[in-house]
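Biologist: Could you take me closely through the salt bridges of this chain, and then through whatever else bears on reading them with care? I would like the cut-offs stated as you go.

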Amino acid sequence: MSYREILAVSSSLLALMPAASWAQTATPAENVSDGASGIEEIVVTAQKRAQNVQDVPIAISAFTANALKERAVADVASLSNIAPNVTLDAGTPFSGSSSVLSAYIRGIGQNDFAANLDPGVGVYLDGIYLARTVGANLDLPDVERIEVLKGPQGTLFGRNTIGGAISVVTRDPGKEFSFRGDITTGRFNRLDINASVDLPITDTLGVSLTGSSRKRDGYLKRIEYPGSGNFATDPDAAFRANGYDSSSTEGGQIEWSLRGKLKWEATDRLTVRISGDYLHQNQQGTANKLLATTESQPFVFAPTADRALVIPGLGATALYDGASGLAPNGFNFAGLYNFCIGSTTAEIAARNATALCGARGTPLNPGQVIGGLASVNVDADPSNDRLPYDSRYILADKDKSYATGLNFSRMRVWGLSMTLDYTLSDALAVKSITGYRRLKWATGLDADGSPLRALEFSFSLRNWQFSQELQLTGHALNDKLKYVVGGYYFKERSFLNDYVTFDQGLLQIFGPNLLHTENYAFFGQADYELSELISLTAGARYTKEKKDFNGGQSDLNGFNYKLFNCPVYGDPCTTALGFPSPTEPLRYYVPDTQHATFDNFAPKLGVQVHPSRDIMVYGSWSRGYKTGGWTTRLSNPLPNAASFTPEKAESFELGVKSEFFSRRLLVNAAVFTTKYDGIQLNFQQGVSPTIQNAGDARIKGFEIELVAAPADGLTLNASVGYSDAYYTSVLPQAQVAPNALQAGVFPGAPLPKTPKWKFNVSPRYEYVLPNDGALVALIDYTRTSKVWNDSERAYALLRPATDQLNASLSYRAPDGHWTLTVGGVNLTNDRYLVSGGNQTAAGLLFGTYNRPTEWYARLGVKF
C-alpha cells in the first residue's frame with residue numbers, strides 16, 4: 001500500500017471516529033440531496049475567492065436559501081440551533097429589542113448593544129461589515145447563502161472577528177424574468193409576506209427587487225395586578241425616556257423591508273453590482289419576565305463618624321458606610337423605596353434619609369421635580385398610598401406579567417453598496433466593495449414586571465458608517481500559487497442615549513454618549529501548492545484604529561448629593577463629592593473627549609494535506625483581536641475615564657474535510673484550542689453593568705458535521721459540537737465569589753454563553769408522487785447543554801439543557817410553480833431564558849424567555 005493510500009485511509013478513519021475522541025469541526029455544507037447525483041455542492045467566498053466549501057481549510061457551516069427556508073430560519077439568530085459551537089440570541093440584556101444580535105462562536109462574542117462596545121463575531125452583508133450589534137439580527141427574505149466561519153478571522157475579515165464571522169450573501173438578479181413569493185400564517189396572528197422579482201433589462205443588465213413584511217402578536221400578556229388602581233403612581237412624563245409607548249402584550253413583531261440589486265456586466269471584464277436595502281420596524285419590545293426580587297438585601301443609612309465629609313461652608317456631612325455610599329452587600333434601591341414609603345418621618349430622620357426620601361429631581365431640571373415618597377403609606381391619607389416592591393409580582397406563568405411601563409422597539413436602517421469586479425488578465429482580478437449604512441433605533445423596556453417603575457430602560461442610537469475595501473486576487477506558477485492582497489478603510493459615528501429609572505426615580509440615569517471610530521488595514525494571504533499532496537497558507541493583516549469618545553452619564557435625581565446631605569448642586573459640594581465638572585454638577589463622567597489608538601498584527605499560517613481527491617486534512621494557527629474602549633455606565637463619579645484594553649486570541653486548529661460514495665456522504669470535523677486574553681465582560685458594579693477586562697481563558701473543543709444521502713430522496717444532516725471554555729486567570733476586581741444568588745467568577749469557572757455540548761440531527765425525506773409532484777418531510781432536533789447567560793452566573797438566569805424540535809411537511813406541485821408547507825417550531829414547548837439581567841441593586845433579576853410552540857402554514861409561488 002502506498003503512502004498516499006495509507007494516509008487516505010487514516011484520514012477517513014479519523015473523520016469517522018466518535019465525538020469523544022475528536023475535537024472541532026471544519027463544518028460541512030447544509031445541503032439537500034438532488035437524487036442520484038448525491039449531495040449538492042455549495043460555493044463560498046470565505047477566502048475572498050469562489051471555492052467549494054469542501055476545499056476551504058476553515059471550519060465553515062454553510063446554508064443555502066432552500067435549507068434556510070425548510071428549516072424555518074427567518075433571521076440570523078435562528079441559525080443558532082443548527083450550527084455547532086455557535087450561540088446566537090435575538091436580544092441582549094436590557095436592550096429590549098430582538099433586532100440586537102448576541103453572537104458567540106467557540107466561546108467568544110459580545111452580549112451587549114452599547115455603541116462603545118464592539119462585537120466579537122463580525123456580521124457581513126454582501127461583504128459590508130455591520131459595526132453594531134443593533135440591527136445585526138438580519139431578516140433573511142432573499143439570500144443566496146449564509147456562511148458561518150469559526151475561529152479568529154482577522155487576516156481576511158479584520159478586527160472584531162476574534163470569535164468568527166457570519167457572512168450573508170444576497171441573491172444576484174437572474175437572466176430571465178421570474179417571480180417568487182410566499183405568504184405565511186401561524187399562531188399569534190402571524191402574517192409574513194415575501195416577494196421577489198427578477199427584471200432583465202438587457203442581456204447584460206438585470207435588476208432584482210425584494211419586499212417583505214412581518215407581523216405577529218406578542219406572546220407575553222400583561223395583566224392587571226389586583227387592586228393596583230387603588231394606589232398612587234407617577235405620570236409617565238415624570239421620568240425621561242426615548243418614548244413612552246406601552247402595549248398589552250410583549251414580544252410582538254411588526255416590520256417591513258425593501259431590497260434592490262442591480263447587476264451590470266458592463267464588459268467581458270467588468271461587472272458592477274449596486275445594492276440598496278431599507279428596514280422599518282415599529283413593534284413591541286422583547287417579552288420580559290420578573291424572575292426574582294432582592295428587596296431584602298441589606299442597605300445602610302446610619303452615618304459613620306470616622307468617615308465624615310467636611311465641606312467648606314457647610315461643616316460636616318455624614319458619609320455612609322462604603323466607599324461610595326454603598327452597603328457591604330450592595331446598595332438596594334428597592335429596599336430604600338420600601339423604607340421611604342413605609343416609615344414615619346421620625347424613622348426616616350433617624351436614618352438620616354430625609355433628603356433621599358424627599359422630592360425627586362433637582363432644581364437644575366425644575367420641570368421634572370416631583371413630590372417625595374416619605375411616609376406616604378403611614379400618613380393616614382390613603383389617597384397617596386403606594387404599592388411596595390417585593391416578590392408579590394412574580395408570576396409562575398412564563399407568558400404573563402404585571403408590567404405596565406415601557407415596551408417598544410423602533411428601528412429604521414438603510415444601506416447602499418457597490419461592488420466592482422474587474423478582470424485585469426486571466427491570472428489577475430481586482431474587486432472594490434464600497435458601503436454606506438445609516439441606522440436609527442429606539443427602545444423601551446419595563447424590566448420590573450410590576451405596576452411600579454422599579455426598573456425601566458430606554459435607549460436610542462443613531463449611527464452611520466462608511467467602508468471601502470480593495471482586493472487584488474490572482475494566481476501564478478501554473479496555478480500553484482493563489483493569493484489575495486488588499487486594503488480596507490472604515491469610519492463610523494454613533495450617538496447613544498441612555499435613560500434608566502430606578503425605583504420611582506430614586507436614581508435617574510441619563511447617559512448621552514458620542515463615539516467616533518476610524519481605521520484602516522492592509523492584508524494579504526497566499527496559498528501555495530508544494531505538490532499534489534501538500535499545500536501551504538500564509539497570511540497577515542495590519543490594522544490601525546483611532547477612537548474618540550465623549551460620555552455624559554449623570555443622575556437627574558442628584559442621588560449622591562442627597563445621600564451625603566449636601567444640598568448645593570455646584571461647588572463646594574460638587575468638588576467635595578468627586579464630581580468631575582463643577583459646571584455640570586450631576587455629571588458622573590469626565591467632560592473631556594477621550595482619545596485612543598490601537599494597532600494590531602494578525603497573522604495566519606496553515607498546511608493542507610490531500611491524501612486523495614476527496615479528502616483534505618488541514619492545520620492552522622491564527623491570531624485575532626477585538627478593539628478596546630471605555631466603560632460608560634457609571635453610577636458614581638470618577639476622576640478619569642475608565643477604559644478597557646483589546647481582547648486577543650491565539651488559536652490552533654486541526655481539521656478534515658471528506659466526501660465518500662460518489663458524494664453521498666460528507667464528513668467534516670475539526671479540533672481546536674484557543675488562548676483567549678483580556679476578556680471583555682460586563683460585570684454588575686452596584687447599579688451599573690460595566691465592561692472590564694476580566695482576565696484570561698482557555699477554550700478547547702471539537703465539531704463534527706455530517707451530511708448523508710443514503711437513498712434517493714433521503715438526506716440526513718447531523719452535527720455535534722463540544723466546547724470547554726474556562727477562565728485560567730481572573731483579575732482581582734473581576735472576581736466574584738459564589739453566593740446564594742450566583743455561582744461566581746474565578747479561575748476554572750466557565751465562560752458565559754457557551755454550552756459544553758450541542759447536538760443536532762435533521763432527517764429530510766422527499767417522496768415523488770405519481771403526478772410528479774412531491775412531498776417533503778423534515779424534522780429538526782437540537783439538544784443543547786446548559787448555558788450561563790451572564791458573566792456572574794446568576795442562578796436565576798441559568799439556561800438549563802434544552803431540547804428544541806421543529807418539523808414541517810411540504811407539497812410541491814408537479815410543475816414546481818407552487819408549494820404548500822405546514823410546520824411547527826419548538827414542538828416540545830421547551831422554554832428557556834434567551835437573555836437576562838442581574839440588577840440586585842435595583843431589587844430584581846429579569847429575563848426574556850424564548851417563544852412557545854408555534855404552528856405555521858406557508859404558500860409559496862414561483863414562475
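Modeller: What follows begins with the salt bridges and then turns to a surface patch and one loop residue.

This is a predicted model, in which local features need pLDDT of at least 70 and side-chain atom pairs count only at pLDDT 80 or more, while totals for chains, interfaces and linings use all residues. Residues are numbered from 1 along each chain as its sequence is written, and side-chain values use heavy atoms, with hydrogens and water left out.

Side chains of opposite charge can pair when their charged atoms come close. With a salt bridge taken as a side-chain nitrogen of Lys or Arg within 4 Å of a carboxyl oxygen of Asp or Glu, the count comes to 51. One of them joins R159 to E545, with the closest N and O atoms 2.9 Å apart. R159 lies in the loop between α3 (154-157) and β11 (164-170) and E545 in strand β28 (residues 534-551), so this pair ties together parts that are 386 residues apart in sequence; helices (H or I, at least four residues) and strands (E, at least two) are DSSP runs, numbered from the N terminus. R159 and E545 are both buried, a word that stands for under 20% relative accessible area, with exposed meaning over 50% and partly exposed in between (1.4 Å probe, protein chains only). R159 and E545 also belong to a network of salt bridges that links them with D118, R132, E492 and K547.

Two further salt bridges can be set beside this network. R663 and E659 pair at 2.8 Å, N to O, and both are buried. E456 and R453 pair at 3.9 Å, N to O, and these two residues are buried as well.

Turning to the loop residue, Q284 is found between β18 (270-283) and β19 (289-293), and its 19% relative accessibility places Q284 among buried residues. Beyond its neighbours within four places in sequence, Q284 is in contact (heavy atoms within 4.5 Å) with residues including G218, S247, N407 and F408. The side chain of Q284 reaches the backbone nitrogen of G252 at 2.8 Å, and that of E250 at 3.4 Å. The C-alpha atoms of Q284 and L496, 212 residues apart along the chain, are separated by 20 Å.

As for the surface, L199 is found in strand β13 and, at 33% relative accessibility, counts as partly exposed.

Note on methods
Polar contact = N/O pair within 3.5 Å; in protein donor to acceptor, adjacent residues only side chain to side chain.
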